[in-house]
Amino acid sequence: MSKIRVMSENLANKIAAGEVVEKCASVVKELVENSIDAGANNIKVNLIDGGLTSIAVVDNGSGMDKEDAVLSFSRHATSKIYKDDDLFFIETLGFRGEALASIASVAEVDMETCNSDIGTHVHIKGGVMDLVEATSARVGTSITITNLFYNTPARLKYLKSEATELNNCTSFIEKLSLANPSIAFTLTNNDRVVVKTSGSGNLLKTIHEIYGLNVSSNMLEIKASSDDFEVTGFVGKPGILKKNRNHFNTFVNGRIVRNNEINRAINDAYNTYKHEGFYPIVVINIETDPTLVDVNIHPTKQDIKMSKMDELVSLIYKTIKEALYNNLIIPNAIVDDALNEVKSDFIEPSVYDKDKTVTEVVQTTFDFGTVKEEEPVIKNEAFKSLKLYPIGQVHGTYIIAENEDGMFILDQHAAHERVNYEMIKKRFADEVVQYTDMLVPLSIELSTSDFNAFMDNVSVLEDLGFKIEEFGINTILIKGHPTWLAKNFEGDNLRTIVDLVIENGKNFNKDRFLDSLAKMVSCKMSVKANEHLSLGEMEKLLDDLVKCDNPYNCCHGRPSIMKFTNYELEKMFKRVM
Ligand code: ZN
Ligand code: ZN
């Protein structure tokens with residue numbers, strides 16, 4: 001008797017199900033991607049209890065005849081037609097061919113499908129097809145999954161709460177809608193509409209349908225290409241931010257991807273335009289030759305590997321940074337017409353969007369009923385030639401200034417920090433470093449590991465003009481520093497620079513280190529709140545600020561200046577109606 005037992009197909013399917021299907025959203029993903037492959041432009045996903053009770057997908061795709069309907073539930077079904085020039089596509093389909101069989105092995109499936117006059121009704125439970133009958137049906141496929149994981153208790157217990165499963169499905173359908181603006185998607189849960197898009201083919205309109213007006217009216221269009229990549233889409237202005245990266249919507253050749261290098265490039269492009277820990281909303285389509293995409297990645301993961309990743313990452317970084325730079329404006333204080341109050345609240349885009357959206361004051365055009373007036377927008381290059389006149393200081397913290405266009409209010413620390421940050425960054429690029437010998441050299445004793453970590457990267461400080469010597473066991477002596485470092489930095493503040501080198505230790509990245517150094521030093525060197533400034537000092541600060549590349553934020557992304565236009569002032573005081 002043979003010792004080797006052949007694994008039954010049903011068991012193999014169950015094992016495969018564990019890999020491909022791990023939550024309700026993965027069932028939704030497999031079914032909806034089948035609908036897209038079938039050419040559907042209208043796809044409805046109806047969940048009961050977040051998918052825990054049932055998941056139904058109804059599409060108007062090409063549907064199947066009886067033979068294909070039955071075959072679609074066998075493993076390695078290869079009846080699908082695909083573009084043979086698209087390796088990436090084939091590979092995903094290869095996995096998907098198994099998916100339906102895998103789902104059917106761990107759930108109850110009811111499917112009606114039709115590609116001509118006669119439809120087919122198929123019922124499968126636990127991988128056993130117990131009904132195949134003819135039915136009258138419209139063209140397309142409707143498939144309902146119930147009792148997910150009923151025969152695999154070990155997996156069943158890993159299903160999350162209804163709210164979590166629904167959230168996962170919602171975020172997947174939202175991303176898929178953004179990836180496919182020409183397909184109308186509807187997602188309902190217990191008959192309540194959660195996501196609905198029109199399939200208009202217009203990406204900005206889809207963004208509106210997913211995120212609401214406040215987001216869609218604050219998006220910047222991007223479009224750029226390099227030898228191997230074409231990047232298009234929309235990126236959010238820094239005024240509209242989220243508390244997590246879930247709204248980095250990135251697609252490669254129409255497929256949803258999540259990649260750390262791409263995410264980092266997006267985040268880096270917003271450096272100093274936003275607070276740390278907050279993230280923009282972006283929708284980016286990347287088109288490329290499919291052969292550049294590494295297909296050997298697990299099907300349920302959305303990660304992607306690509307040759308020429310460096311080229312892609314720098315294209316994305318550059319494109320977003322340019323879009324932000326070219327659209328910088330002084331934020332206007334928004335005046336609520338009804339209340340005549342400055343408001344900074346924000347309409348939540350979706351009830352399922354649990355993470356709070358933060359909004360800084362957003363530039364807007366005013367709609368005053370019959371009178372519609374658009375204030376001229378001062379973009380950053382024009383800003384550099386502005387002259388602002390200081391009026392005075394409020395609470396020793398804010399500077400009030402004016403010019404012929406209106407009134408400005410500045411956070412003096414944020415403004416000064418921006419000035420220092422850009423100054424220091426420029427000094428970093430100097431060919432010849434200027435340095436000052438310290439009157440009293442500073443010795444710092446470190447632990448052995450910190451000492452080693454510091455000495456590993458000491459050259460980066462030496463290149464900047466710091467004079468550092470080893471001084472006995474695990475001790476360093478700082479004897480000089482670059483001239484841009486203010487005198488008040490000598491002493492304990494120098495210790496924070498040493499600590500920063502050590503913190504950056506393990507995977508030391510020079511650019512990142514220099515940026516955090518510039519941020520830290522500029523913050524410490526800048527005038528604080530509750531510090532009195534003379535009119536002359538204020539004027540100097542205003543003059544320096546307007547010359548900055550991004551005068552509107554401190555280096556941590558906090559606002560530094562806001563504007564009340566003359567029109568807003570008049571409106572507030574009812575001088576105009
Ligand atoms: Zn600061
Ligand atoms: Zn700051």
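Which residue takes a positive phi in the hairpin of S25 and S26? In this hairpin, which has four residues between the strands, the positive phi, near 80°, belongs to Gly472. The structure is a predicted model, in which local features need pLDDT of at least 70 and side-chain atom pairs count only at pLDDT 80 or more, while totals for chains, interfaces and linings use all residues. Residues are numbered from 1 along each chain as its sequence is written, chains are lettered from A and ligands numbered from 1 in the order in which they are written, and side-chain values use heavy atoms, leaving out hydrogens and water.

The hairpin belongs to an open sheet of three strands with the order S24-S26-S25 and antiparallel pairing. Here strands are DSSP runs of E with at least two residues, helices are runs of H or I with at least four, and both are numbered from the N terminus; two strands pair if DSSP finds at least two bridges between them. Strand S24 (435-445) and strand S25 (467-470) stand at the edges with a single partner strand each, so one side of each has no neighbour in the sheet. From one strand to the next the twist averages 15°.

Seven bridges join S24 to strand S26 (residues 475-482), and Ile444 stands opposite Ile476 in S26. S25 and S26 are joined by four bridges, with Ile468 opposite Ile478 in S26.

Two helices accompany these strands. Helix H13 (residues 448-456) lies across S25 and S26 and runs at about 35° to S26. Helix H15 (residues 492-503) packs on the sheet, touching S24 and S26, and its direction makes about 70° with that of S24. Contact means heavy atoms within 4.5 Å; axes are lines fitted to C-alpha atoms, for helices over the stretch in contact, and angles run from 0 to 180 degrees between N-to-C directions.

Turning to the metal site, the zinc ion (ligand 2) has as protein donors Glu417 (OE), Cys554 (SG) and His556 (ND1), at 2.0 to 2.4 Å. Donors are N, O and S atoms within 2.8 Å of the metal (3.2 Å for Na, K and Ca), and sites may look incomplete because water is not among the atoms. The zinc ion (ligand 1) is 3.5 Å from the zinc ion (ligand 2), and Glu417 coordinates both. Glu417 lies in helix H12 (residues 412-428) and Cys554 in the loop between helix H17 (535-546) and strand S27 (561-565), so the pair ties together parts 137 residues apart in sequence. Both Glu417 and Cys554 are buried, meaning under 20% relative accessible area, with exposed over 50% and partly exposed in between (1.4 Å probe, protein chains only).
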